[in-house]
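Me: Could we go through this one together, with the reasoning behind each label spelled out? I would like to see how the values lead to the words.

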Amino acid sequence: MSQSDSITPMYRVVFQQQGEIFEIYARHVYQGDMYGFVEVEELLFGERSQVVVDPGEEKLKTTFADVKRTFIPMHSVIRIDEVTKPGQPRVTSGEHSNVTHLPFSGTPPKSK
């Protein structure tokens with residue numbers, strides 16, 4: 001591990017999107033200027049020299065191939081953890097998850 005790796009924190013971001021649970025790793029996660037979104041920059045993926053190919057990680061690499069920064073809606077975020085080393089990014093089906101989807105209309109209720 002280089003000295004720059006030990007200084008810069010890393011984050012695991014778990015969020016839901018279209019019935020799937022995404023787990024990604026990044027160097028920077030913060031509340032930005034776009035209201036209601038969490039900004040995630042510098043996504044981290046495993047070594048490219050690995051012989052075993054994980055289809056979930058490959059799907060994430062393809063999805064985020066040319067992404068400099070991604071904006072995740074706050075209501076989609078399940079948790080954000082600061083970690084000491086990146087794990088394996090993955091996508092899992094929401095069917096086999098213990099995450100309950102809450103109803104969300106996106107607009108505040110009208111006052112009477």
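**M10 and its surroundings**

Reply: Gladly. Beyond its neighbours within four places in sequence, M10 is in contact with A26, R27, L44, D81, E82, V83, T84, K85 and P86. Please keep in mind that this is a predicted model. M10 itself belongs to strand β1.

Me: Why does M10 count as buried?

Reply: Its relative accessibility is 5%, and the label buried applies under 20%. M10 therefore counts as buried.

Me: How far apart are the C-alpha atoms of M10 and H28?

Reply: They are separated by 7.1 Å, although these positions lie 18 residues apart in chain numbering terms, counted as the step from one to the other.

Me: Thanks! Now the overall layout: what is the order of helices and strands along the sequence?

Reply: The pattern reads α-β-β-β-α-β-β-β, made up of two helices and six strands. Of the contacts between residues at least 6 apart in sequence, 63% join residues at least 24 apart. As for burial, 29% of the 112 residues count as buried. The accessible surface of the chain is about 8300 Å², with 52% of that belonging to carbon and sulfur atoms.

Me: What makes β2 and β3 a pair of strands?

Reply: Pairing asks for at least two bridges, and six bridges join β2 to β3, which run antiparallel. Within this pair, Y30 stands opposite E39 in β3. The hairpin of β2 and β3 has five residues between the strands, and G36 takes a positive phi near 85° there.

Me: And how do you know that β3 pairs with β4?

Reply: By the same reasoning: at least two bridges are needed, and five bridges join β3 to β4, again in an antiparallel arrangement. Here V38 stands opposite I72 in β4.

Me: T70 is a threonine in that neighbourhood, so to speak; why is T70 called buried?

Reply: T70 lies in strand β4, residues 69-73. Its relative accessibility is 15%, and the cut-off is under 20%, so T70 counts as buried. Outside its neighbours within four places in sequence, T70 is in contact with V38, E39, V40 and F64.

Me: Which residues touch the most other members of the largest nonpolar core?

Reply: The core has 13 residues, and those with the most contacts to other members are V13, F15, I24, V29, V40, L60 and I72. The elements giving two or more residues to this core are β1 (10-17), β2 (20-31) and β3 (37-44). The largest share, four residues, comes from β2.

Me: F15 is in that list. What makes F15 buried?

Reply: F15 has a relative accessibility of 3%, and buried means under 20%, so the label follows. Leaving out neighbours within four places in sequence, its contacts are E20, I21, F22, I24, F64, I72, S76, V77 and I78.

Me: How many aromatic pairs does the structure hold, and why is the pair of F15 and F22 called stacked?

Reply: There is one aromatic pair. The ring centres of F15 and F22 are 5.2 Å apart, and rings pair if their centres lie within 6.5 Å. Their planes are at 10°, and planes under 30 degrees apart count as stacked, so this pair is stacked.

Me: Is F22 buried or exposed?

Reply: Buried: F22 has a relative accessible area of 4%, and the cut-off is under 20%.

Note on methods: Residues numbered from 1 in each chain as written. Predicted model: local features only at pLDDT ≥ 70, side-chain atom pairs only at ≥ 80, totals over all residues. Heavy atoms only, no water. Core = buried A, V, L, I, M, F, W, Y, C linked by side-chain atoms within 4.5 Å. Buried < 20%, exposed > 50% of the residue type's maximum accessible area, 1.4 Å probe, protein only. Contact = heavy atoms within 4.5 Å. Areas by Shrake-Rupley, 256 points an atom, 1.4 Å probe, with all protein chains shown as cover. Phe/Tyr/Trp six-rings, centres within 6.5 Å; stacked < 30°, edge-to-face > 60°.
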